[in-house]
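Thank you for making time this morning. I would like to walk through one model with you, going from its strands to its helices and then to a few single residues.

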Amino acid sequence: MTNKHAGYTYCGACAAHAYKQVDPSITRRVFILGPSHHVPLSRCALSPAEVYRTPLYDLRIDQKVYADLWKTGLFERMSLQTDEDEHSIEMHLPYTAKAMESHKDEFSIVPVLVGALSESKEQEYGKLLSKYLADPSNLFIISSDFCHWGQRFRYTYYDESQGEIYRSIEHLDKMGMGIIEQLDPISFSNYLKKYHNTICGRHPIGVLLNNGIDMNFSSLNYAQSSQCRNWSDSSVSYAAGALVVH
């Protein structure tokens with residue numbers, strides 16, 4: 001499942017469509033892959049914490065899985081400051097706690113901060129995580145916004161044939177969502193190279209698409225923080241989707 005970063009006022013309702021798909025009765029481990037916004041990172045990083053606190057209850061980080069990931073030599077250890085500054089994983093913690101509330105003592109979380117990975121690194125991490133993804137007791141949350149449009153984001157792509165600017169943004173985003181539904185990492189990479197859509201979680205999404213497992217992805221909801229009609233406007237897009245492994 002994929003989702004969002006901005007304040008819950010903007011993205012909350014959209015995110016809920018993804019979390020509605022969670023089955024707490026079978027979920028024993030929740031992997032949360034979020035992009036790094038604040039520190040340059042060329043690999044993936046693990047948290048130094050053992051517990052994340054939420055307004056509902058504490059979430060325990062799975063130290064056994066962390067130890068197994070650490071042994072691969074592919075992961076860095078982020079600082080506590082980096083962990084506290086980064087919102088891409090944090091945004092999903094209250095949702096995870098709420099969705100899993102009925103089984104709150106029966107699951108752990110595996111937060112992974114994803115850096116600006118090369119395509120070959122996305123393949124490497126996708127292959128590494130595929131064994132976890134294939135286990136039906138594991139839930140994967142892929143954290144991302146979609147298009148950040150406007151001069152303050154330095155991104156103002158506009159296809160006039162779509163009508164208003166916000167329609168052009170929606171068309172661009174839904175093109176990307178359609179490619180993600182095809183589970184084709186090469187097409188997704190080509191889409192990003194062609195349109196440069198400002199999808200901040202493109203690398204976590206790339207990792208997910210490179211797992212080689214038979215699965216099905218469906219889009220559930222789409223929203224924008226505001227409707228852009230003028231060049232002085234700005235908006236951030238949000239998308240929710242669900243992944244089912246066969």
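**Strands, helices and a few residues**

Let me begin with a pairing of strands, in which E9 and E11 run antiparallel to each other and are joined over 2 bridges. I should say at once that this is a predicted model, so please hear everything that follows as a description of that prediction. Within this pairing, His 148 has Val 236 of E11 as its bridge partner.

Strand E11, which covers residues 235–245, also pairs with E10, again in the antiparallel sense and this time over 9 bridges. If you would like one pair to look for on the screen, take Ala 223, whose bridge partner in E11 is Tyr 238. As for how covered this strand is, 8 of the 11 residues of E11 are buried, and the strand can be described as mostly covered.

Now let me turn to strand E8, residues 138–143. How many of the residues of E8 are buried? The count is 6 of 6, and the strand is therefore largely enclosed by the rest of the structure. The burial holds on both faces, with Asn 138, Phe 140 and Ile 142 buried on one side, and Leu 139, Ile 141 and Ser 143 buried on the other. Its pairing with strand E2, residues 29–35, is in the parallel sense and extends over 5 bridges, and within that pairing Phe 31 is found opposite Phe 140 of E8.

From the strands I move to the helices, and to two pairs of them. In the one pair, helix H7 (residues 165–181) and helix H8 (residues 185–195) have axes that come within 9 Å and cross at roughly 160 degrees. An angle over 145 degrees counts as roughly antiparallel, and H7 and H8 are therefore roughly antiparallel to each other; their crossing is left-handed. On the H7 side the contact is made by Leu 172, Asp 173, Met 175, Gly 176, Ile 179 and Ile 180, while H8 contributes Ser 187, Phe 188, Tyr 191 and Tyr 195. Sorted by class, the residues of this contact are 7 nonpolar, 2 polar and 1 charged.

In the loop between H7 and H8 we find Leu 183, whose phi is positive, at about 55 degrees, although the residue is not a glycine. Is Leu 183 buried or exposed? Its relative accessible area is 18%, and because the limit for buried is under 20%, Leu 183 counts as buried.

A second residue with a positive phi invites a look alongside it, namely Arg 154, a residue other than glycine with a phi near 60 degrees. Arg 154 is placed in the loop between strand E9 and H7, and with a relative accessibility of 80% it counts as exposed.

The other pair of helices is H2 (residues 63–71) and H6 (residues 119–133), whose axes come within 12 Å and cross at roughly 155 degrees. That angle makes H2 roughly antiparallel to H6, and the crossing of these two is right-handed. Here Val 65, Asp 68 and Leu 69 of H2 meet Leu 128, Leu 129 and Tyr 132 of H6, and by class the contact holds 5 nonpolar residues, no polar ones and 1 charged.

Helix H3, residues 80–85, gives us two residues to set side by side. Thr 82 lies in this helix and, at 15% relative accessibility, counts as buried; leaving out residues up to four places away in sequence, Thr 82 touches Val 39 and Leu 113. Glu 84 is also placed in H3, but at 52% relative accessibility Glu 84 counts as exposed. Between Glu 84 and Val 65 there are 21 Å from C-alpha to C-alpha, with the two residues 19 apart in sequence.

Let me close with Asn 211, in the loop between helix H9 and strand E10. Which residues does Asn 211 contact, leaving aside its neighbours within four places in sequence? They are Gly 126, Ser 130 and Leu 133. Asn 211 counts as buried, at 8% relative accessibility, and its C-alpha atom is separated by 8.2 Å from that of Tyr 125, which is 86 residues away along the chain.

Technical notes. Residues numbered from 1 in each chain as written. Predicted model: local features only at pLDDT ≥ 70, side-chain atom pairs only at ≥ 80, totals over all residues. Heavy atoms only, no water. Axes fitted to C-alpha atoms, helices over the stretch in contact; angles between N-to-C directions. Helix = DSSP H or I, 4+ residues; strand = E, 2+ residues; numbered from the N terminus. Parallel < 35°, antiparallel > 145°, perpendicular 65-115°, else oblique. Left-handed = near helix turned anticlockwise from the far one by under 90°. Contact = heavy atoms within 4.5 Å. Nonpolar A, V, L, I, M, F, W, Y, C, P; charged D, E, K, R; others polar. Buried < 20%, exposed > 50% of the residue type's maximum accessible area, 1.4 Å probe, protein only. Pairing = 2+ DSSP bridges.
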